[in-house]
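Visitor: Please take a close look at one part of this model for me, the second chain, and set it in its surroundings as you go.

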Amino acid sequence: MQYDEKRLTRIVATDCGSTTTKAILIEWIDGEYRQTVRGEAPTTVEAPLNDVTKGVINSVQELEELARLKYHNPNIKFMENGEFVIPRKGDIGVDAYVSTSSAGGGLQMMVTGVVASMTGESAERAALGAGAIVMDLIASNDKRMNHEKIERIRQLRPDMILMAGGEDGGTIKHVVEMAELVAAADPKPRLGSGYKLPVIYAGNKMAIQEVEETLKDKVNLMITENIRPKLEVENLGPARDKIHNIFMEHVMQQAPGYNKLMTWTMGPEHEIVPIMPTPAAVGNIMQAVARAENIEVVGVDIGGATTDIFSVFTEDFIFNRTVSANLGMSYSISNVLASAGLPNIMRWVPFSIDESELRNMIKNKMIRPTTIPSLLEELVLEQAIAKEALRLAFEQHKEFAVTLKGTQRQRDISEAFSQSTSGATIVNMMSLGLLVGSGGVLSHAPRRNQSAMMLIDAFLPEGITRLAVDSIFMMPHLGVLSEICEKAATEVFNKDCLIYLGTCVAPVGKNKLGKPALTAKINLPDGTVFEEEIPYGEMRLIPLGVGEVAKAKLKAHGGMILDKDKNKELEVDLYGGVVGIILDTRGRQPFELPTDPETRINSLKKWMRELKAYPEQILK
Amino acid sequence: MGQAYSAGLTVTENTVLRKERLLPLKGEVLVNKGDKVKAEDVVAQTLLPGKVVPLNLANKLGVTPAQLSNFVKVKAGDQIKKGTVLAENKGLFGLGIMKNSVTSPTDGEVESISAHTGQILLREPRIPVQVKAFIDGVVTDIIPNEGVIIENKSAYVQGIFGIGGETVGTLKFLASSPEEELLPEKIDDSCAGTIIVAGAFVRYPAIDKARKVGVKAIITGGIDDQDIKQLLGYDLGVAITGHENVGITIVCTEGFGKINMAKKTFNLLQKFNGAKTSIHGRTQIRAGVIRPEIIIPLEFQAEELTAPEIKLPVLEVGTLIRVIRQPNFGKIARVISLPEELTKVESETLVRVLKAQFEDGTEALIPRANVEVIES
C-alpha cells in the first residue's frame with residue numbers, strides 16, 4: 001500500500017543496529033518531504049536490558065526533544081504511554097512508524113545447492129539480497145566429505161537455511177542427499193530453543209515430496225518456487241519474500257523485545273509494516289535510485305565488523321549485495337591487517353611507523369571498538385586501513401556480481417557444468433555513475449576530502465564518476481519507508497540523505513610519469529576557467545559547490561581513454577559537491593603506486609596536499 | 001551535562017556474583033537448590049549426540065538405491081558394533097561367488113537408510129559432557145534439565161582481553177610493581193598449578209616457560225600482538241576467544257603493548273595473593289560483550305547474596321577512568337569536568353570530551369569515547 005502527503009505528514013523511522021538505534025523524523029513541509037531531526041541511543045537488545053524497544057523509546061525521546069526545540073513547540077510528542085500514537089492528531093503522534101533491524105548479529109543463514117557455482121550461488125544471492133549474512137554455502141560438489149558437511153551444519157546454528165538445487169525436472173538424488181545431510185545434522189536455531197529451525201526449500205519441484213519426507217520431522221520446512229527453474233533463469237523473488245516472512249514471523253520473535261516492536265511498526269491505517277533486515281532496506285533504496293536516475297550505482301557500508309557492498313549494474317538494473325563478514329574497522333580490524341598484509345596498508349601512509357606499534361594499535365582498536373583516533377597520525381593510519389578493507393570487500397563483490405553462469409549463450413548441460421569459475425563480472429567501473437559511501441570511517445571523517453580520497457583510492461573509479469556519502473546512514477530508513485511511500489523515500493534521499501562530494505575524472509590506461517595524461521578545460525559557473533595539461537601521476541582538485549555544474553572539455557593522452565566507448569575526448573557536465581572536481585591521472589588498469597618508499601611517500605604527500613586531505617603538519 | 005554513559009570494566013574487592021552454568025543441550029542437573037558447591041564440582045551433565053557417519057551403501061554394493069532394501073541387514077534404530085554387516089549381496093548367480101558385504105566402520109546406531117539416495121547414516125555413541133561449578137558458591141536456582149545458577153561473594157576483576165578457557169588455581173604474585181615486565185627467570189616449579197600475576201608485560205619466552213612448568217593462568221597488564229600470534233600459531237582476526245587450547249589461560253587487564261597494570265587492579269590482586277581464584281580468558285566484543293574474568297570467592301552468609309542492581313557505567317565528576325587510546329593510553333585519571341560543547345582534537349575530529357586529572361596531578365582533555373570507567 002502506497003500513501004502520499006495527504007495521509008503521511010509525519011513519519012518516524014528507526015534502524016536498530018547492533019550498537020546504536022538511530023531514529024529519524026520525516027515531515028511534509030512546504031510542499032516537500034524532508035528529514036528534519038534525528039536522534040540516537042544505544043541498542044538494548046542484549047543484557048542488561050534485553051528489550052529492543054527500550055532503545056527505540058530512548059532514540060525517539062531524543063527525536064521529540066529536538067523537534068520541540070526546532071519548532072519552539074513544547075507540545076510535540078510522538079509517543080504516549082510508551083507507544084506510538086498513530087495517526088497523528090495535531091502536535092501529538094505520527095502517521096507511520098517503520099523500522100529496520102540488524103541487531104543481535106542480523107539475519108544469519110546457511111544455504112545449500114547442488115553445484116556450488118550454479119544453484120548454490122543463486123541461493124547465496126537470494127539470501128544476501130534478502131539482507132542475510134551467509135555463514136556457509138554447502139553444495140554437493142564442494143569437495144567436503146559428507147560427514148564434514150554434517151558437522152559443519154551442526155556447528156553453525158543459523159537463523160534459517162535456504163535449500164536450492166536442481167532445475168525443475170533435473171537431479172532429485174543430489175537434492176535429497178543434501179536434505180538427508182541436513183536431517184542428520186539436526187540443526188538448531190541460533191536464538192531460542194523452543195522452536196524448530198525454519199528451512200526453505202527452493203529447489204527442483206520434482207523432489208519436493210522426497211525432501212518433505214526426509215525433513216518434515218526435524219525442521220520447520222517451507223516450500224517455495226525453484227530459485228533456478230532452468231539453468232538460464234534465476235528466480236530469486238519468491239525465496240527472498242519467504243526469507244523476509246520467516247525473518248519476521250520466526251527469527252525476530254525470538255529476539256528480546258521484537259514481538260512488541262513488530263506490533264508498533266504500522267502505517268496510517270494501523271496496518272503492520274514489516275520490520276526489514278537493514279541491508280535489504282538499503283538494497284531497496286539503491287535499486288529505486290538507479291532506476292529513477294537511470295544510472296549504475298555502487299554503495300558501500302563499512303561497519304565495525306563487516307563491509308556490505310551493494311551494486312546495481314547493466315540496463316536491467318541487476319542488483320547484487322555482498323557482505324565481507326570479517327572486514328571492518330573495529331571488531332574485525334585485525335583481520336583487515338591479516339588479509340591485506342602490512343605492506344598494503346603502509347603503502348597509503350605518508351610516514352614510517354614501527355611495525356609492532358602499529359600491530360598493537362590495531363589490536364587495541366579491536367578490543368576497544370568504540371574509541372576514536374585523537375592523534376592525526378592514528379587518523380591517517382585508520383583511513384589507510386579503511387582503504388584496504390574497502391578494496392578487499394570490493395574485490396569480493398566483483399567476483400560475486402557476475403553474469404549468471406550457464407546463460408551467456410546457448411550451450412548444453414555439460415558445457416554449463418564445465419565452466420565452473422567463469423561468469424564475467426558485471427561490475428564496470430567505466431560505466432558506473434555514482435559511488436556512495438557510508439559507515440563511520442567514511443561518513444564521519446573530519447574532512448570530506450578524506451572520504452573522497454578513501455573512495456577513490458579503494459574503488460579506483462574510472463572515467464567520470466560522482467562520489468557521495470550517506471552522512472548519517474539514512475538509507476535503511478528510506479528503504480523500508482519506500483514500502484509505504486516511495487515519494488517520501490526518494491525525495492528525502494535526494495535532498496537530505498546524500499552529501500555529494502563531487503565528481504572524479506580518471507582516465508584509464510598507463511602512461512609515463514611526467515608525460516601529458518589529461519588536458520582539461522573546465523568552465524566553472526562563476527565564469528572562471530580551469531585549463532591545464534596534467535601530467536601522468538598527478539591529482540587536481542577544482543572546487544565546485546553542491547548543486548553546481550561545470551562544462552568540461554576533456555582530452556586523454558597516450559593510450560588513455562575516458563569512457564566505456566573508449567573515447568579519448570569528451571565534452572561533459574561535471575557535478576560539484578562539498579569537495580569538488582577531482583582529476584586523477586595516476587592511471588587505471590593498472591593503478592600503481594611507486595615502489596621506492598621515498599618516492600611513494602613524496603607522491604602520497606603531494607596528492608594529499610593537493611586534495612587538502614590532511615593538515616600540513618603531517619605532510620611536511 | 002552532568003553525566004554520560006560510557007564503556008566500563010569492573011574492578012572490585014567485594015561483589016555478589018551470579019553465574020549461569022548451562023548445558024549445551026538438555027540433560028541432567030546433579031545438584032539441588034541451596035547446595036554449597038566448589039568450583040571443581042560437576043553440577044550438570046548430558047550426552048551429546050554422536051558424530052554422524054554417512055555411507056553410500058548402494059554405491060558400495062553396486063545396486064540402485066531402490067534395490068537396496070533387498071540387501072540391507074539392519075534397520076533404523078538398530079544398535080551396531082564396528083564390523084557389523086550392514087548390507088551384503090548374494091554374489092554371482094546367487095551362489096555367493098564374489099559376494100560383496102559392507103560393514104560398519106564404527107560402534108553406534110543406525111540413524112536412517114534412504115531408498116532415494118542409497119545412503120545409510122550411522123550415529124556414533126553419545127559423548128558425555130559435564131558442566132562444572134567454576135566458582136565456589138551456593139546453588140540459588142535450578143533451571144530444570146538445563147543447568148544451575150550459582151551465586152557467591154567475590155573479589156572481581158574484568159579483563160579487557162584474554163585467551164584460553166576456564167581454570168581454577170591459587171593466585172601467586174610474581175611482580176613487585178605494576179610497571180614490571182615478567183621475565184622467565186621468575187617462573188619456577190613452585191608456580192605449577194597457580195595463577196601468576198605479572199605487572200605491565202609478559203613476553204613469549206615467559207609465557208612458554210609458564211606453560212611448561214604447569215602454570216594455569218597468567219594475569220598481565222599488556223601483551224604483544226606478535227607474542228599472541230606465536231603462542232596461537234595464527235594471527236587473531238576477530239576478538240572471539242576462550243576456546244584456544246594452548247595449555248594456559250591469559251588475561252590482560254589493560255590491552256596490547258607494554259601497559260602498566262592499573263594500580264587499583266594490582267593492589268587488589270596483591271591483597272588476595274595465595275587465594276583460590278577462578279579465571280577465564282573468554283572474550284567476545286560483539287553481539288553480547290563477554291570479557292575475561294578473575295573471580296576470587298570470599299566467605300559469605302546466604303543473606304548477603306543480594307545481587308547489585310544492573311546499571312550502565314556512568315561518567316561524572318570524580319569517576320575513576322582509564323585512558324584507552326593514544327595519547328596517554330593506559331593512564332589512570334579522575335574526571336574533573338564534562339564540558340558540553342564539541343571540541344576539535346588534533347585529528348580535527350569534533351568530539352565530546354572530558355577533562356581529567358592524572359595520578360601525577362597533570363590534566364588533559366580526552367575524548368569521552370577514549371576512556372573506560374573503572375567500576376567498583
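Guide: Chain A averages a pLDDT of 90, with 96% of its residues scoring at least 70; pLDDT is the predictor's confidence in each residue, from 0 to 100. In chain A, the pLDDT is below 50 over residues 408–412, a stretch with two contacts in the model beyond near neighbours in sequence. Residues 414–421 of chain A are also below 50, and this stretch has six such contacts; here, contact means that the C-beta atoms of two residues, placed from the backbone, lie within 7 Å. Where pLDDT is low, the predicted coordinates should not be read in detail.

This is a predicted model, in which local features need pLDDT of at least 70 and side-chain atom pairs count only at pLDDT 80 or more, while totals for chains, interfaces and linings use all residues. Residues are numbered from 1 along each chain as its sequence is written, and chains are lettered from A and ligands numbered from 1 in the order in which they are written.

Now to chain B, your part. Four helices and 33 strands make up its list of elements; helices (H or I, at least four residues) and strands (E, at least two) are DSSP runs, numbered from the N terminus. The C-alpha atoms of chain B fill a box of roughly 100 × 55 × 50 Å along the principal axes. Its radius of gyration is 28 Å, whereas a compact globule of 376 residues would be near 21 Å; the radius is taken over C-alpha atoms, and the globule rule is 2.2 Å times the number of residues to the power 0.38.

The domain assignment of chain B, which is automatic or from a database, gives domain 1 (52–123), domain 2 (160–291) and domain 3 (314–375). The C-alpha centres of domain 1 and domain 3 of chain B lie 70 Å apart. Among contacts in chain B with a separation of 6 or more, 64% join residues 24 or more positions apart.

Of the 376 residues of chain B, 42% count as buried, that is, with 20 or more other C-beta atoms within 10 Å of their own (12 or fewer is exposed, in between is partly exposed; C-beta atoms are placed from the backbone). G330(B) makes a good close-up: it sits in the loop between β27 (320–323) and β28 (332–337) of chain B. G330(B) is buried because it has 21 C-beta neighbours inside 10 Å. Beyond its neighbours within four places in sequence, G330(B) contacts E254(B), I259(B), N260(B) and V323(B). G330(B) and N260(B) are 70 residues apart in sequence, yet 6.9 Å apart in space, C-alpha to C-alpha.

Finally, the partner. The contact between the chains takes 42 residues from chain B and 43 from chain A. On the side of chain B that touches chain A, β6 (52–56), β11 (119–123), α3 (225–232) and β22 (249–256) of chain B each supply at least two residues. The largest share there, three residues, comes from β6(B). That side of chain B divides into 20 nonpolar, 13 polar and nine charged residues, where Ala, Val, Leu, Ile, Met, Phe, Trp, Tyr, Cys and Pro count as nonpolar, Asp, Glu, Lys and Arg as charged, and the others, Gly among them, as polar.
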